[in-house]
Amino acid sequence: MDKFKSLLKKIDVKQKVRIGVVCPHDKISIQAVFNPLVIDYVQPVLIGDSQIITDLLATFDYHAEVVPSESEEASAALAVQLVKEGKLDCLMKGHLATRTFLKAIVNKELGIAEQLLTHVAVNDIPNYHKLLLTTDGGMVLQPTKTEKRTLIAHGVKVMQKLGVKKPKVGLLAAAEIVNPKITSSVEAQELAAEFAETADFEIVGPISFDLATNREIAEIKHYENPVAGEADVLVGPDITTMNVLGKSLTGFSKATMAGIVMGAKVPIVMVSRGSNEKEKAYSILVAMYCSKE
């Protein structure tokens, strides 16, 4: 079953979500916002080279608002300004350099970053019984303990927006036993204890990937915890771990991944250049949920 499609059945958008696409100068970016899965719920605002965009729209016989801009830098800055003016509900990176796109967002004077920007990946894995969010495999290189609090908060927020009332969070490690020689293992235990009494979500750490996602293995190892085999959110120790995990899920497990960036005034769709049209459409779907109050 396509778990992302189940989200479409639950969506309640009284007003179309205004999505600003920065430099949609390629077919995939254009097709993503006009994908039949999401087009009934979004209002595309295309920001960039008006001639290129108009030609692409004509190719598919699509119609949308086009906001002309002369360069990648100007397009990103204009999109950020439209967000600040309340004219856009979410942003999407089109065919431009990631550095250029993010530079406008994190600009201290003119940007829209409200806290640490983090990347969350929502994964539909064929052999897992529900959507699984992993973070952070795209933005935060070596998160400090303080930054991990933000990773946890953003992951929980996204899953709650998607309808999971009390997400189960696992702080990943090589094993569930604390290793004093591994800082991330110690921090996982400390963070789990810190959030233990929260009413919004359940959390455990450190926990290995297999225990977090496979109840049978947890039973064999006599590991008892509400998160075991039921994780909704997995927070990793560093970007390498989570990037490898994410690409392993899509490459070997044939998972479908939807990726967005949290921490700005609005959610941001920013997926890999290798992502296909469906993954971009599902990323827009997740951003739509997260753009709602």
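Biologist: Is the crossing of H4 and H5 left-handed or right-handed?

Modeller: The crossing of H4 and H5 is right-handed. Bear in mind that this is a predicted model.

Biologist: How do I describe two packed helices?

Modeller: Give the angle between their axes and the distance between the axes. Here, helix H4 covers residues 72–84 and helix H5 covers residues 98–106. They pack at an angle of about 35°, and their axes are 9 Å apart.

Biologist: Which residues in H4 and H5 meet?

Modeller: From H4, look for Glu72, Glu73, Ala76, Ala77 and Val80. Their counterparts in H5 are Thr100, Phe101, Ala104 and Ile105. By class, this contact has six nonpolar, one polar and two charged residues.

Biologist: On to the sheet. How do strands of a sheet pair?

Modeller: Through backbone hydrogen bonds, either parallel or antiparallel. In this model, eleven strands form an open sheet with mixed pairing. The order is E3-E2-E1-E4-E11-E10-E5-E6-E9-E7-E8.

Biologist: Which strands stand at the edges?

Modeller: Strand E3 (65–68) and strand E8 (202–207). Each has a single partner strand, so one side of each is left without a neighbour in the sheet.

Biologist: Show me a parallel pair.

Modeller: Take E1 (residues 17–22) and E4 (residues 90–93), which pair in the parallel sense over four bridges. Isoleucine 19 stands opposite cysteine 90 in E4. E7 and E8 also run parallel, joined by four bridges. There, leucine 172 stands opposite isoleucine 207 in E8.

Biologist: Where do the side chains of a regular strand point?

Modeller: They alternate between the two faces of the sheet. Follow E7. Lys168, Gly170 and Leu172 point one way, while Val169 and Leu171 point the other way. All of these are buried.

Biologist: Which strands does helix H7 lie across?

Modeller: H7 (residues 183–194) lies across E7 (168–172) and E8. Its direction is at about 160° to E8. Helix H11 (residues 277–291) packs on the sheet as well, touching several strands, including E1, E4 and E10. H11 makes about 40° with the direction of E10.

Biologist: What do the buried residues of H1 pack against?

Modeller: They pack against E5, E10 and H11. The buried residues in H1 (residues 3–10) are Lys3, Phe4, Ser6, Leu7 and Leu8. Aspartate 2 caps the N-terminal end of H1. One of its side-chain oxygens lies 3.0 Å from the backbone nitrogen of phenylalanine 4.

Biologist: Which residues does glutamate 277 contact, leaving aside its neighbours within four places in sequence?

Modeller: Ile28, Gln31, Ala32 and Asn35. Glutamate 277 sits in helix H11 and is partly exposed, at 27% relative accessible area. Its C-alpha atom is 10.0 Å from that of phenylalanine 34, though the two residues are 243 apart along the chain.

Biologist: What is the usual backbone pattern?

Modeller: Most residues other than glycine have a negative phi, and most peptide bonds are trans. Now the departures in this model. The bond from threonine 135 to aspartate 136 is cis, with omega near 5°. Aspartate 136 is in the loop between E6 and H6. Glycine 205 and proline 206 are also joined by a cis peptide bond, with omega about -5°. Proline 206 lies in strand E8.

Biologist: Where is cysteine 23, and is cysteine 23 buried or exposed?

Modeller: Cysteine 23 is in the loop between E1 and helix H2. Its phi is near 55°, a positive value. Cysteine 23 is buried, at 1% relative accessible area. Lysine 254 has a positive phi too, near 60°. That residue lies in the loop between H10 and E10. Lysine 254 counts as exposed, at 61% relative accessibility.

Terms used: Residues numbered from 1 in each chain as written. Predicted model: local features only at pLDDT ≥ 70, side-chain atom pairs only at ≥ 80, totals over all residues. Heavy atoms only, no water. Pairing = 2+ DSSP bridges. Helix = DSSP H or I, 4+ residues; strand = E, 2+ residues; numbered from the N terminus. Contact = heavy atoms within 4.5 Å. Axes fitted to C-alpha atoms, helices over the stretch in contact; angles between N-to-C directions. Buried < 20%, exposed > 50% of the residue type's maximum accessible area, 1.4 Å probe, protein only. Polar contact = N/O pair within 3.5 Å; in protein donor to acceptor, adjacent residues only side chain to side chain. Left-handed = near helix turned anticlockwise from the far one by under 90°. Nonpolar A, V, L, I, M, F, W, Y, C, P; charged D, E, K, R; others polar.
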